[in-house]
Amino acid sequence: MSCVVLFGACIEGVVLRDKFGEGVNGNLVIGTLAWPSPWVIVFGSFFSTCGAGLQSLTGAPRLLQAISRDGIIPFLRVFGHGKDNGEPTWALLLTASICEIGIIIASLDAVAPILSMFFLMCYMFVNLACALQTLLRTPNWRPRFKFYHWALSFLGMSLCLSLMFICSWYYAIIAMGIATCIYKYIEFCGAEKEWGDGIRGISLSAARFALMRLEEGPPHTKNWRPQILVLVSMDGEQNVEQPRLLSLTNQLKAGKGLTIVGTSVQGTFLDNYTEAQRADQSLRKLMETEKVKGFSQVVISSNLRDGTSHLIQVGGLGGLKHNTVMVSWPRNWKQPEYHQQFRNFIEVVRETTVASLALLVPKNISSYPSNGERFTEGHIDVWWIVHDGGMLMLLPFLLRQHKVWRKCKIRIFTVAQLDDNSIQMKKDLITFLYHLRIDAAVEVVEMHDSDISAYTYEKTLIMEQRSQILKQMHLTKNEMEREIQSITDSSRLSIRRKNPSALRSQHSTEEGASVAERPEEEVLLSHSKNASSPTSPTSPTSPTAPAGCAATWTDNKGADKGKNLAAANLEAGKDLFNMKPNQSDVRRMHTAMRLNEVIMKKSKEAKLVLLNMPGPPKNRVGNENYMEFLEVLTEGLNRVLLVRGGGREVITIYS
């Protein structure tokens, strides 16, 4: 600054603006002011230039060598090598080559702008970093200068940027472009050592600001997108049991929403923290493989049910929370060892309903396509039974944005009763889809009233008998099998008295086979068939039945206790074989079976079927019946996605 002031005070502005010094006969302006001779300036400039050149020639190679060894810029690693004494041989050769190029150019006017740009850009970024560190209030930013203020750094940055464009605007743009390319290259390919950067601090501040803005209110319908919480289960080695859940999540992420992949580890935090860390690493690895951009979350809880509930309650942060939960259909839920899983599943359905969250339940998840597969043709069928806020319309649209489902066409089916105007319903639905700008074929399916078939009555009875057996017996697995054995023995004795000829005809095939060794479903099915057929007993078994029944599982118990158990078995048999199915359950089962027949007729070959998911039962007594209804509704379909809306509109005609 003093140099500028002194030059301005001693020399006319016209002379200063004379680039080639024609006003002073080509001499140096500073030389005319020098004392005692102009040669003082000439010699001083010469030695100063030599000193600066040698300093750069020795300092620049070592700086380049340090950058190369840190691995910040990968393609410069070769210049990190040198002699055994540490001399940067390769870096020195590169630096000398760059200097020689400047000499060969032989024009100071051509070289000076390039050097000025990079020097000014270096000073500009230093000032920018200082200003950002102060504005972001970074705890580790503690300048020694007591009177420092961020405005000084900002002023210095502005001056450097202004001088760059004043000197040469095109050189300034080229220099900034080169700097941007180097930064992006380091961001994607380099930076093996984390040195920290101001951009991350800006991201944290921006994220906090955005989260606070999201708290102002719920998003508008046109901004709604599925923010999915994916609930997965882990095996004994902490590997995900349903990896295709993440594939489906990735295919649904055309909306670019939030994704949280969560799981629960049973135990205590002190004892199972290492196990939870392994589970988290496994989730992250699978998310990277499936290209799911999101977050993983592992909760340690005393039981898996509470852990899943905690994930649903506390997943996300502030306004950036999940609005959709995805959970797989429980496999083998009818088997006794999996009963807890389907109970947990129904509790998840209840909790999402209370929390007004949408629910996605893919059935047969193992048959869903991976991200590498492609469907060249086919249909995505939507069975729109109940209006759910538009989830059934939005999901197939999002799926078709992904390359796996892009070639599939959307078909929308809606169900009409006899008293409905099918033609008008179809016109209204076509108009609705036109305003939504969704390309889909529409078909209205008429379902005629029909009598409840004997098969429906029988299937409902099977379901209720099975629920009754499981409700009465909160026993271990072995005790449960013995209990079913006793009921079956009493049934056989009764059938032998009622219809001995039929029993003899089947005796050869059943001889030597124990009912306790047969699957539970087969035993229950035989009970229900006997109960519903004309030859089945409608009265309690004779007093001779309990003796044989008790003898099958009272070897290690006292005689009195055996009699009590036999009496209990007799009462259970009475309840089962006198049972009549609930008429409400019969109607529901009838509706589910009729709807399944229509869906199978229209969508058996579809690549994916989307269905409305009925609400859960209000009390826990009907859990088994609810699962049976859903099983009947989706029976025979390869890929089914059960969808339950969150109670709000998620799609609109306004863009």
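A salt bridge here is a side-chain nitrogen of Lys or Arg lying within 4 Å of a carboxyl oxygen of Asp or Glu. In this predicted model, R62 and E87 make such a pair, with their closest N and O atoms 3.0 Å apart. The two residues come from distant parts of the chain: R62 belongs to helix 4 (residues 39–70), while E87 sits in the loop between helix 4 and helix 5 (89–105), 25 residues apart. Neither end is hidden away: R62 is partly exposed at 42% relative accessibility, and E87 is partly exposed too, at 34%.

By the 4 Å rule, the count comes to seven salt bridges. The general idea is simple enough: side chains of opposite charge can pair when their charged atoms come close. Besides R62 and E87, two other pairs are worth a look. One of them joins D280 and R284, with 2.9 Å from N to O. Both residues are in helix 11 (residues 269–289), and because they are four residues apart, about one helical turn separates them. D280 is buried, with a relative accessible area of 15%, so it falls under the 20% cut-off for that label.

The other pair brings K363 together with E631, again through a salt bridge, and here the closest N and O atoms are 2.9 Å apart. This one links distant parts of the chain, since K363 lies in strand 5 (residues 358–363) and E631 in helix 23 (residues 623–633), 268 residues apart. K363 has a relative accessible area of 5%, so it counts as buried.

Back to helix 4, the element that carries R62. This helix has 32 residues and runs 46 Å from its first C-alpha to its last, close to the 46 Å expected at 1.5 Å a residue. Its buried residues are P61, L64, Q65, S68 and D70. What do the buried residues of helix 4 pack against? They pack against helix 5. Right after helix 4 comes G71, and the phi of G71 is positive, near 70°.

Glycine aside, a positive phi stands out, because most residues other than glycine have a negative phi. A106 is not a glycine, yet its phi is positive, at about 60°. A106 is found in the loop between helix 5 and helix 6 (108–135). Is A106 buried or exposed? With a relative accessible area of 66%, A106 is exposed. N332 also has a positive phi without being a glycine, with a value near 55°. N332 sits in the loop between strand 4 (324–327) and helix 13 (339–354). At 43% relative accessible area, N332 is partly exposed.

One more spot deserves a visit, this time in a strand. S264 has its place in strand 2 (residues 259–266). With a relative accessibility of 13%, S264 counts as buried. Which residues is S264 in contact with, leaving aside its neighbours within four places in sequence? Its partners are V299, S301, N303, L304, G307, T308 and L311.

How values were computed: Residues numbered from 1 in each chain as written. Predicted model: local features only at pLDDT ≥ 70, side-chain atom pairs only at ≥ 80, totals over all residues. Heavy atoms only, no water. Buried < 20%, exposed > 50% of the residue type's maximum accessible area, 1.4 Å probe, protein only. Contact = heavy atoms within 4.5 Å. Expected span 1.5 Å × (residues − 1).
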